[in-house]
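Work through these short exercises with the structure open. Try each task before reading its solution.

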Amino acid sequence: MLWNCESRRHLKRLGGFAPLLLFTAISSSVVPMIQNVTARIDKRVFGRLADGTAIDIYTLRNKNGIEARITPYGGTVVSLKTPDRRGRMADIVLGYDNPAGYENDQSYFGALIGRYANRIAGGRFFLEGAEYKLARNNGANHLHGGVRGFNKVLWQARESRRPDGVALELSYRSRDGEEGYPGNLNVNAVYILTDADELRIEYSASTDKTTVVNLTHHSYFNLAGAGSGNVLDHELKINADRFIPVDTTLIPTGELKSVDGTSFDFRSATKIGSRIDQADEQLRVGKGYDHSYVLNKKGSELSLAAEAYEPGSERTVQLWTTEPAIQFYSGNFLDGVKGKNNSIYNIRDGFCLEAQHFPDSPNHPAFPSTVLKPGEQYKQTTVYRFTVRKAEKKP
Ligand code: GLA
């Protein structure tokens with residue numbers, strides 16, 4: 001299905017005259033209604049899972065030609081094309097060519113993560129006096145929702161239109177007991193590609209039993225283009241005075257540590273690679289950066305969390321979020337992953353900025369709560385905003 005938002009809006013306004021005008025427009029050399037407007041979404045078949053299930057892929061385009069391809073399998077952003085300073089488009093996220101790649105994926109490329117992003121220590125937690133045991137899929141710990149997290153399920157998809165862009169609405173019902181979590185959880189995640197060059201994700205969820213929820217998105221960015229090498233030259237800025245140190249199994253120790261004087265200080269733009277190999281205990285356990293940053297904010301307003309810039313292309317991505325933290329992961333576990341277009345992704349060939357609550361919050365009463373009760377609404381908004389630096393300098 002091809003869906004041109006703007007022309008639909010015009011057609012609605014024009015009412016009964018629309019077919020006539022549309023015919024006139026198409027049959028003449030002047031195409032007033034459709035010509036300069038291209039925001040649209042279309043759907044095609046992406047391929048099949050091992051069990052034969054056909055998987056769709058949606059292509060969202062904004063009026064400036066930015067294009068996001070998203071599959072309902074895992075709610076995954078498969079590709080994201082943005083312009084460099086000269087207007088040349090490149091795909092800036094790591095991924096695979098077909099559903100089989102995502103079915104076998106161990107890296108969570110581009111996926112929606114849930115029911116709980118990042119780790120829960122020992123795969124267990126207590127809630128309202130009851131102990132819940134989760135899948136242990138990362139050594140002794142639970143990671144990214146378990147063996148079959150939200151990145152491995154098929155979401156229901158619906159195309160829609162927002163005032164500021166085209167949208168793909170995804171929904172999934174996670175059963176009571178799935179991967180060990182209590183409560184039936186209805187989850188919605190809406191991807192909106194706006195004409196302001198943003199990929200906005202609006203999450204919401206509700207439950208019928210008290211549970212824990214922590215959703216995120218796991219795109220690996222390489223602003224020089226996916227498959228073009230490592231991201232060590234990218235400059236990164238994170239609006240955080242504190243980060244969360246972890247133990248040797250990457251579980252928070254509980255401390256919120258000042259970044260002052262450490263290799264973790266990204267309060268001013270710094271190359272990802274400039275300190276990544278320093279002799280630092282936290283960098284050693286993470287094999288690089290794999291840590292949550294406590295954002296400098298008081299409430300849950302949508303605020304600027306981080307910005308990355310790649311000097312060659314001058315592409316920039318800003319991350320805005322309502323969440324209290326971002327996990328900065330420098331792709332340390334990538335090790336010869338076969339990706340799109342015959343690419344091989346190796347260590348640090350992509351980085352993730354995952355907006356979320358703190359890891360292992362269910363076992364840390366002092367951390368902001370991730371508990372969701374019946375009658376409450378979980379809400380989260382995260383925005384990735386794409387610019388080129390030259391454009392930013394213009395008055
Ligand atoms: C997150 C984790 C990492 C790793 C990746 C996926 O970012 O923090 O430790 O598990 O996901 O490979």
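**Exercise 1.** How far is an oxygen atom of the ligand from an N or O atom in the side chain of R119?

Solution. The model is predicted: local features need pLDDT of at least 70, side-chain atom pairs count only at pLDDT 80 or more, and totals for chains, interfaces and linings use all residues. Numbering runs from 1 along each chain as its sequence is written, and side-chain values use heavy atoms, without hydrogens or water.
- Start with R119: the distance is 2.8 Å, a polar contact (N or O atoms within 3.5 Å).
- Go to H218: its side-chain N or O atom is 2.9 Å from a ligand oxygen.
- Finish with N118: a polar side-chain atom lies 3.0 Å from a ligand oxygen.
- Then check cover: the protein covers 96% of the 300 Å² of accessible area that the ligand has on its own (Shrake-Rupley method, 1.4 Å probe).

**Exercise 2.** Describe the shell around the ligand.

Solution.
- Count residues: 14 surround the ligand (a heavy atom within 4 Å).
- Name the closest: R119, H144, H218, D290 and E354.
- Sort the shell: 6 nonpolar, 5 polar and 3 charged, with Gly counted as polar.

**Exercise 3.** Decide where to trust the coordinates.

Solution.
- Take the chain: mean pLDDT (the predictor's confidence in each residue, from 0 to 100) is 91, and 89% of residues reach 70 or more.
- Find the weak stretch: pLDDT stays under 50 over residues 1-36.
- Apply the rule: where pLDDT is low, predicted coordinates should not be read in detail.

Definitions and conventions. Near = heavy atom within 4 Å. Polar contact = N/O pair within 3.5 Å; in protein donor to acceptor, adjacent residues only side chain to side chain.
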